[in-house]
Each structure stands twice: as C-alpha cells, then as structure tokens.
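Student: Could you walk me through this one? I'd like to start with one chain and then move on to whatever catches my eye.

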Amino acid sequence: MSKIDSEDHGKKHPGKKGFSRRSFLQGIGISGGAVASLPKGLLAEPQAESGARVMGPGPVPVSLRINGKVHNLNIEPRVTLLDALRNHLDLTGAKKVCDRSVCGTCTVIVAGHPVYACGLLAIEAQGKDIQTIEGLLSTHGKAHPVPTAFVENDAQQCGFCTPGFVMAVKAFLDKHPNPTMEQVKQGLGGNLCRCGTYIGVRQAALDAAREMRGGKRA
Amino acid sequence: MPSKYDWPAAEKRSLIGKRINRLDGLAKSTGRAKYSYDTNRPGGLTAKLLTSPYAHARVTKIDTGEAERLAGVRAIRVMSPVGTEVQWQGYEIAAVAADTEEIARDAVRKIQVEYEVLPHLVKEEDLSKAGNRTKPSGENTQGNPDQGFSQADVIHEGFYGANVITHCCLEPHGQVAEWDGDNCTVYASTQAVGSIGRELGKVLAADPATANVKPSNVRVITQYMGGGFGSKFSPDRWGIVCAQLARQAGKPVKLMLDRDQELLMAGARPSHFAKVKVGAKKDGTLVAWESESWTTGGMSGAGAAPIPYVIEIPNRKTRNIAVSTNTGPARAWRAPNHPQAAVLTMCPLTDLAAKLNMDPLELFLKNVSLSPRGDVYRAELLKAAELMDWKAKYHAPGKGGNGYLKRGVGLSIHTWGGRGHDSECRLIINPDGSVQAQLGSQDLGTGTRTVIGIVAAETLGLPLSGVQVQIGDSNYPPSGGSGGSTTVGGVSASTRRASVKALDKLLEAVAPGMGTTADKLVAVDGRIQVQGDPSKSLTWKAACAKLGTKAISETGRQPARDEGNLGDSGVGGAQMAEVEVDTETGIVTMRKMVAVQDCGLIIDLKTAESQCYGACIMGIGSALYEEKIYDQQTGRMLNADMEFYKLGGIGDVGEIVVHMMTRDYDQRGVIGLGEPPVISPPAAISNAVFNALGVRIPTIPITPDKVLAALEKGGMA
C-alpha cells in the first residue's frame, strides 16, 4: 500500500547465500499472492542444484546467535526463525500474525538488517548476529530510546504490532539517524498496525532519532 | 445531590484529564508483555484446526487414522462428524494436538474428509441474485412520508453501500488450556474475562469426558490481548476443543487460529446496501426519507442499520432485508451497524446538498436540530470546519482542480451510547502502604489498566506509581465484557467508589492519633492531612502503618444509585476528510482527517486521543482498502491473507487532527469512547471523493477500479 523505496525501506535479507520465501519472490519479481499461478519448474526442487546441502526432514542441530548469546537447538529444517524464537526459545517478543512476510510484526534484526522472521528459515540465520526485541531491553539499566519514545507518544494500543515496529524503527534509525517525516512514512511502510497507532509511531521515530543523536554527541 | 463519590472538581484534579502514559507501555514496547499466543506452558502441545474448504457442504466421510498414527500426535477431536452440514468456508472439521506446530500441521493434512458439495450463496450486493435467501428484517414508518415528499422542493435518489469487512485482529483468536484435576485454566485472547469461563464450563459439563467440571472450575487469564474490536466475546468452538484436547492429552494445549482461519470465520462486519430517497425544501430543511436496505451477517441476522442516522428526518419509511450467505458469521465490529448507517445517510445527504447547490456543511448545520443533541453537533461541526479550514477548501462537487489530481473535502457526524457496564472493584490498602485495585476486567489496548490506576491514585492522593492495577483474571471481582464502549464508564465508577470507601476507612483509622476526626482529613500529594492545615499531616506510608496488621479491603460497584452520578450515555462527534484522487489511476490518497469528539469526563487525555487517532486510521482502512472478497463460482474468500486483505500503512493515512470536547462536557461524568470515532471516516471520505470528482462512488471500499468505473460512467474518464 505504501510506496516502498527498496533502498530506503531496508528490509533486506542478510548474506549473499541467504534464501527465503521473501527474497525468492522478490528475486523473480512477483508478489506473494501470485505463487499459486507460477508455472511448474520455477519452484524446482532445491536439491537439483549442484552442491546444495540437504538437511532433514528430521530435526537437525541448529545454532543461533541471539542478542549475543549462542543457542543450540535440535529442530526440523523447515522451522522458521520466528517459530524457533517463539516455540523453542520462548523469545515471544516477535509476534506471529500473517506468517508470510507481509505485516512486519515479527521483525528482528539479522546481520544489521531488519528481517521478517517468519520469512526466514532458522537454518539460514545461523552464523549471523540476530537481534530481537528482548535484546533491546536495557544496556545500562535504562530502556532503549526507541521503546521509550513509543511510550511517550502512545505509539501502541493492543501492542501486538509494537515489538516488530520498535525493531523496524531501530533498524531504520541505524541507517537514517536524521530522518524527515516523509522518510519515516516511506521507511516504515513494511509494518502494519490494526489499532491505528501510526501517528504516534511517526513521532516516536523522530523523537527517538533526536534522542539517539543526542546520545552520540555526548 | 452532591455526593462524596462525585468526581473531583476540575481545579482539584491532579491526574484525571491529563495526558498520561499508559501503565503497560514499556512492557509492550520492549516485548515483555505476554499475550495468550506467547504463553508457553511446560510440556505444552500445539493444536491446529482442519477447516472446510467449501462454503456449503455435508461431511460424508472422515478418517483420522493416518493422522493418529503420526509420531508426536497426542490428541485428535472430530468437531464435525459425518452428516454435519457445513455452512461456510473455514468451518471447523477437526482439531489435532501434537508435540510441535509442524507435526500438528502434518497431522491435519493427513485427516481424510469427503464432502457432498451443496449450492451456496456468498455475494449479496446484487439482491436480484439472492433468490430465496432473503427475508424481511424490520420495517418502520414515522410521520407521513408521502406527504413529506410532496412538500419537498428537491428529491435525491441513489444507491449506497458498504461491503463486508473483517476484524483482522493481529493476535488471532485462540487460547492455551491447562488442566489441574477438574479445574481448567484458560489463557484466552478475549474481551470477556468474566464470562467466557462460565460459558466454557457449561459446555464441558455437558460432555461425558468432563462431566465433573462446574462452570466455576474454569479460570480465565488475559493479561494482554492483541485486539478484539468486538469479535472476542465467546469461548468459541476452538476454545472448547482446545480444552477437550488438553484434557484428552493430559497436557496444556495452545490453539491459535491461523491467519486465513482468522479472516474466514472469526469475525465479519455485516454489509449494508440501500436504495435511498430523500427530500428537502429549497432552504435545505429535510422533510422526507425512504429507504430499502439489505444486509448480510453470514448465516445469522445482522440487524438493521439505524437510518436515517443521527438526523431524525420527520417523515420517514425504512425497510430492511436480511440475506443469508454461506460466509463466516458476523460478529460485533466496533460500533455495530453505525459506520454503515453513516455511509447510507451522510452520503445521500451530501448528494442532496449538491442538488440544492448548498455546501453540505450548511445543510448539516441547518438540520442537526433534528438530532437529540443539536447544539453539540453544531459546536463540533464548527470546530471541525475551523481545524480543516473547510471554508477555504470546500468547492462545488467536481471542481477539485484542473489537472489529473483532484482534491475534495467531505464530512460526517455520528453518535453512540457508551454507558458504563456493571463492574466491581476491590481496593486494598495494605499496612506497608501498597495499594491494589482488582477487577475482573481486561485491557484491549484502549488503556483500561491505566484508567483504573488514574482513578484510584487520584482518589487516594497518590502518584500513579502508588497503585498496582490487577486485572485480566476471572478470579478478581466481576466486571463486564469490553464491548460497546462500556468499559471506561464501568471501571472508572466502581474504582472511584471502592477508592473513596477504602480511603474513608484509612482516615477513620488514623484520625484519633492525629487528634481529629475523619471528616476533617484529606488525602493529597501522598499525605494524609488535616484539611487547610498541611502542618498536621502523615505521609501515606506512615498513615497506612497505623493499620497494624490488618489491610483495608473495600468493594465499589457500578451501578450504585446512591453513590454519586459518575457517568452518562450518548455522545456526538463530527469528522471531516480531505482527499486527493488520481483520475488516471483511480487511487485515493488521504491528505487530512479532523476528528472532533465529546465523551463526557476524560480520565486520560493521551489514551483518549489515541482512540480517536486509531479509529480514524481503522476507518480509513474500511473506506479505501478493506473488503472480504468472495467468489460466487467457488464460494471461497479470495483474500484470506494479509497481502490482499489490505490494511492501511503508516504512509497511507495522511495528517490526522484530533480535538476532544472537554470542560463543559465534564459534568456528565465518564462515557465510553471506543466506538464513536470509528463511525464517520468512511462516510466523510466517500463525501470527500465525491467533492473532488463530482461523481459518487456508491460503495466502500473506494478502490481504484470503482473510481475509474464511476468516472467513466460520469463521462469524465
């Protein structure tokens, strides 16, 4: 719905070998809904590629570095990063809403980029720094400026989209420390809210940016 | 008659009416808030549902054998045995609980079901194709419509409508159920902590496997819930099966709907279409109305929209028809039937104004005296016009610019009741100075938790941090479900009364030691002091220490006839929208919305404003993007996902200006706010598009295809 500038929007997938439903669909230039009409062959079995590593279908060891801590899991290779976080590590800040890379409520930061965790397999996230909302809690006994700005601007109602939005704002501000309101509207177009908290989110993003710049100056 | 329970006078309020951050804000924005979906119980299983792919069918065979043999499957329940007539796509057929979500999904796929497919109807906009699926649903005549139309100088006739939309709660419906003997705890995403447990218990008691369960054995916990909007009042079939699976497996079970299931069956706002005829005198005075409307609420009735809306045109005749369709059943959707009524009324009135060569603002100002609160609407319309700069922006319909981008403005007005529901609050003051307010209420994100804290803290002279608000548990004193904007009025009144009573007890306890009587003491700024003499005082903590070992526990109730008049019913509101329409693509872009709203005494101005911002945004979605799209050929919903069931994004909603009517409205006490501001946006936006283009897009959502079709029909393409 929002016109999303792919440069500014920043929902990129990490690593050149990263493969996800979303990056695959982006790669072939179609939207998610058109998958059903794809001609056979485009969705060719990955093992047909030479050198592809086959895992599963049973549980396999998976190692994830989340908020600086390594977690070793034994999960099926089809488990998404989101399900690994929520169902296997009890890190439930990232929410499951659309489960197909549309709404952004599962946004986490992987290798510095905001990513829809429902659109990435856990096995693909191995070897990369994964930051979740839980890692944003407190570094010096004080909440991060982004969640604080969300509170001050009442940028949340039911709160179900909020952790994803907070992570999207954080990743956006990391790349755009001094954004305009127009850039905020463009850059955060990948996160949806049902209660309608966007007015607060816009201002929270601007306020948090100011706060974070202030922090750097000091 | 004044009462000690009355709200404090404006100059004495230290918290009420201020902009205060929500109490659970940081828990939500740091991901610590645990929702039902986030509840992972030790050893817990995950359940998934098998649902019907057909809109209308009979189950002829069901075989769960292969699914049962799958490793990791712990319990299976058939919900629609052979012979069941399924009436909509998404109807629950069976449920599986398994060790992991992946195994549960695999098992669902292995259940074999055969259906006898039956004829269906899933679309109702064209009433001529509804066949025998219609039935009369309300007819009403006031005054003398024929005579009224004979007096009219101008008559307008037109077709208008609003398509079915869905709630699309971000946290889907569902729960975790856990048994301990015959006691069941349900962590449910619900708007009714106080009632769904009993309802669930009754169903379980009727099941031989759980016959020992009493309704009071089911405890419901909802600390946080991710949106309901009217759709989460029932334990639901998936709640019952979740409890049954947990019983059968002997382990906690989580069953949350998948997104497609959520959109298919967990809530729909009924459509409403109408052929409208309305007449006025040359000066704009409305004299007659006639409408034939139709609506679908799925297989159940939807009720008739209250038209003509707000403005009670003296001579009027309305007839409504209910159409039963094989679609997911209707549930209350924020201000049930009112947004549709606003479209069916404010749009034809705006078109009538055009025929009269009148600015619609003038037409509305002239006729709001036909509403029960004419002066309020007049004040709100004038305030909205000022904030929109209406006089500068309004132009004759279709004169929205010479280029391909056309701008226009439109307006609508609305009403709602919002009287407080029944509520009990237990207010506890402990000897250590801590305070708990306990209510079996729930915070949907509206700010209920914060409002309770503000009322208790204000009454006790404490900072907000001095009160612990404990809600979201059916073990607390009962409070009504959160629907119809009834919560804030209910919990504010019960909390105020409980707090006054508890404070009285504290003052009685400390007065002798302070050499005075309780009636001479007040609680302010964290102290108990002699009125007018701050030198004679105790800190709150020191005062509470005088209680010795015995805590104070007092209960306040709503309603309570003799304990102050703390609330009222009936609010108004006026909204204006400014849009820009691209006549080459048909895309409507929001430029600005103005929402002017009264709701009596506001407890927290910040969360009250958030309700209005959010309502405008939700209203923009239903005006421009949202529709539950069905295909009559297959009987299926084409957009049971979030790619094509479109919600507006952060860049789609333009500028929004909210103005709360305060001061003179305070004396009415607290009135609910959740519903009213969501009513007007679609009508105001539709009217703005009409003003821009000079042609009416008859139904919402106003999608680009409809805009282009209307332009072509109007000879403007």
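**Chain A, the interface and parts of chain B**

Tutor: Within chain A, 59% of the contacts between residues at least 6 apart in sequence join residues at least 24 apart. Please keep in mind throughout that this is a predicted model.

Student: OK, and how many helices and strands does chain A have?

Tutor: Chain A comes to seven helices and five strands, and from the N terminus on its elements run α-α-β-β-α-β-β-β-α-α-α-α.

Student: What share of the residues in chain A is buried?

Tutor: Of the 218 residues in chain A, buried residues make up 54%.

Student: Now the interface. How many residues does each chain put into the contact?

Tutor: Chain A contributes 54 residues to the contact and chain B contributes 61 residues, and the area buried between the two chains is about 4800 Å², with carbon and sulfur atoms giving 55% of that area.

Student: And how many salt bridges are there between chain A and chain B?

Tutor: The count is eight salt bridges between chain A and chain B; one salt bridge joins the side chains of A:Arg78 and B:Asp106, at 2.6 Å from N to O. Across the interface of chain A and chain B there are also 30 residue pairs in polar contact, both residues being at pLDDT 80 or more.

Student: Which elements of chain A give two or more residues to that side?

Tutor: They are helix H3 (81–88), helix H4 (145–152), helix H5 (162–175), helix H6 (181–187) and helix H7 (198–217) of chain A, and H4(A) gives the most, with five residues. By class, the side of chain A that touches chain B has 26 nonpolar, 15 polar and 13 charged residues.

Student: Switching to chain B: is helix H8 mostly covered or mostly open?

Tutor: H8(B) is mostly covered, with 16 of its 18 residues buried. Helix H8 of chain B takes in residues 338–355 and reaches 26 Å from its first C-alpha to its last, which is close to the 26 Å expected at 1.5 Å a residue. H8(B) is followed by B:Asn357, whose phi is positive, near 55 degrees.

Student: Where does B:Lys366 sit, and what does it touch?

Tutor: B:Lys366 lies in helix H9 (residues 360–367) of chain B and, not counting residues up to four places away in sequence, B:Lys366 touches B:Asp283, B:Gly284 and B:Thr285.

Student: Why does B:Lys366 count as partly exposed?

Tutor: Because its relative accessibility is 37%, B:Lys366 counts as partly exposed.

Student: What about B:Asp598, buried or exposed?

Tutor: B:Asp598 counts as buried, because its relative accessibility is 0%. B:Asp598 is found in strand S27 (residues 588–598) of chain B, and, leaving aside neighbours within four places in sequence, its contacts include B:Glu380, B:Met661, B:Tyr665 and B:Arg668.

Student: Which polar partners does the side chain of B:Asp598 have?

Tutor: The side chains of B:Asp598 and B:Arg373 are joined by a polar contact of 3.3 Å, and a polar atom of the B:Asp598 side chain lies 2.8 Å from the backbone nitrogen of B:Gly572.

Student: Last one: which backbone nitrogens lie by the side chain of B:Ser3?

Tutor: A polar atom of the B:Ser3 side chain lies 3.0 Å from the backbone nitrogen of B:Tyr5, and the backbone nitrogen of B:Gly564 lies 3.5 Å from a polar atom of that side chain. B:Ser3 itself is in the segment before helix H1 (25–29) of chain B.

Definitions and conventions
Residues are numbered from 1 along each chain as its sequence is written. Chains are lettered from A and ligands numbered from 1 in the order in which they are written. This is a predicted model: local features need pLDDT of at least 70, side-chain atom pairs count only at pLDDT 80 or more; totals for chains, interfaces and linings use all residues. Side-chain values use heavy atoms; hydrogens and water are left out. Contact means heavy atoms within 4.5 Å. Buried area is the accessible area (1.4 Å probe) that two parts lose on being put together, summed over both. A salt bridge is a side-chain nitrogen of Lys or Arg within 4 Å of a carboxyl oxygen of Asp or Glu. A polar contact is a pair of N or O atoms within 3.5 Å; within protein, one must be able to donate a hydrogen and the other to accept it, and residues adjacent in sequence count only if both atoms are side-chain atoms. Helices (H or I, at least four residues) and strands (E, at least two) are DSSP runs, numbered from the N terminus. Ala, Val, Leu, Ile, Met, Phe, Trp, Tyr, Cys and Pro count as nonpolar, Asp, Glu, Lys and Arg as charged, and the others, Gly among them, as polar. The expected span of a helix is 1.5 Å times one less than its number of residues. Buried means under 20% relative accessible area, exposed over 50%, partly exposed in between (1.4 Å probe, protein chains only).
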